[in-house]
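Here are some exercises to work through with the model open in your viewer. Try each task before you read its solution.

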Amino acid sequence: MKKPKWVVQKEQEKKAQGRETLWLFGLHAVRDALMNPARQKLRLVVTLNAQNKLEAAIAQAGIAPEIVDPRKFSVPIDPGSVHQGAAMEVKPLDWGTLEDVCIGPAAPRVVMLDRVTDPHNVGAILRSAEVLGASAVIGTRHHSAPETGALAKTASGALERQPYLRVRNLADSIAALQRMGYLVLGLDGEAEQTIEKAVADHLDRPVALVFGAEGPGLRAKTKDVVDGLVRIDAAGGFGSLNVSNAAAIALYASRARA
């Protein structure tokens, strides 16, 4: 019996994911990955100077580094990347399922990204999410930033500790969170209600905050499925923020009274 197309596609995607690797670079990103037991490490390339700085982390990871001349630092990363003499090939992290990371402490906070593709923005959001105690950052498998060296470097180590899931369908994941009891709020600069007012009567509920790409914002379908649209209470007439800054402020505002 011939397999349905969707089954074949799912199997192909799984095989492709199994072959997928990425290169992390920079002392901070590489050190945190070395110290993460959940990170599968394949190849470490360092200069002698970087090896000395990473000595303890390398020993803890139990990986044999390849020592190279700084002038011959040849690894498959962007030539303009600031690698600081350290790069490591790794497998992407597996954080499990939506339920694995979104059911946790009382009134958790989750960040959802609707087509936010810039790895620097996603890296900054991961960093803020870790600092402000979010349970997870959730994007989509397509039209969102994958794990990359640039994302990891911007996240400044948070990629190793902050769950970052990429799901097949954002609307389905929103519905799943709603079934778990989440209040799902979409950020929209034109919304009438502020975040603080929206969560004031729901401090005992988990909250998911959904952010759209800079410029187009949330897609119409996303606006249709969230529980409500909210805005950041901005002073003056200029209310536009970079998405990573908006995520940090919104996370803080959603927990400020808790």
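**Exercise 1. Find out which residues of strand S1 are buried on its two faces, and where the strand pairs.**

Step 1. Leu-22 and Leu-24 lie on one side of S1, Trp-23 and Phe-25 on the other, and all of them are buried. Buried means under 20% relative accessible area, exposed over 50%, and partly exposed in between, with a 1.4 Å probe and protein chains only. Strands (E, at least two residues) and helices (H or I, at least four) are DSSP runs, numbered from the N terminus.

Step 2. Before going further, a word on the source: this is a predicted model, where local features need pLDDT of at least 70 and side-chain atom pairs count only at pLDDT 80 or more, while totals for chains, interfaces and linings use all residues. Residues are numbered from 1 along each chain as its sequence is written, and side-chain values use heavy atoms, with hydrogens and water left out.

Step 3. S1 pairs with S4 in the antiparallel sense over four bridges; two strands pair if DSSP finds at least two bridges between them. Opposite Leu-22 stands Val-90 of S4.

**Exercise 2. Place S1 in its sheet and give the strand order.**

Step 1. The order is S1-S4-S2-S3, an open sheet of four strands with mixed pairing.

Step 2. At the edges are S1 (22-25) and S3 (66-67), each paired on one side only.

Step 3. Inside the sheet, S2 (residues 41-46) and S4 (residues 86-90) are antiparallel and share five bridges; Val-45 has Ala-87 of S4 as its bridge partner.

Step 4. Helix H2 (residues 27-34) packs on this sheet and touches S1, S2 and S4, its direction making about 45° with that of S4. Axes are lines fitted to C-alpha atoms, for helices over the stretch in contact, and angles run from 0 to 180 degrees between N-to-C directions.

**Exercise 3. Explain why strand S8 is largely enclosed, and name its partners.**

Step 1. All five of the five residues of S8 (residues 183-187) are buried, so the rest of the structure largely encloses this strand. Leu-183, Leu-185 and Leu-187 cover one side, with Val-184 and Gly-186 on the other.

Step 2. S8 runs parallel to S10 (residues 207-212) over four bridges, and Leu-185 is partnered by Leu-209. Three bridges join S8 to S11 (residues 228-231), also parallel, with Gly-186 opposite Leu-229.

Step 3. The parallel sheet as a whole is open and has seven strands in the order S7-S6-S5-S10-S8-S11-S9. S7 (164-167) and S9 (193-194) are at the edges with a single partner strand each, so one side of each has no neighbour in the sheet.

**Exercise 4. Describe the surroundings of Ser-244.**

Step 1. Ser-244 is found in helix H11 and counts as buried because its relative accessibility is 9%.

Step 2. Its side chain makes a polar contact of 2.4 Å with that of Asn-242. Such a contact is a pair of N or O atoms within 3.5 Å; within protein, one must be able to donate a hydrogen and the other to accept it, and residues adjacent in sequence count only if both atoms are side-chain atoms.

Step 3. Leaving aside neighbours within four places in sequence, Ser-244 is in contact (heavy atoms within 4.5 Å) with Asn-121, Ala-124 and Ile-125.
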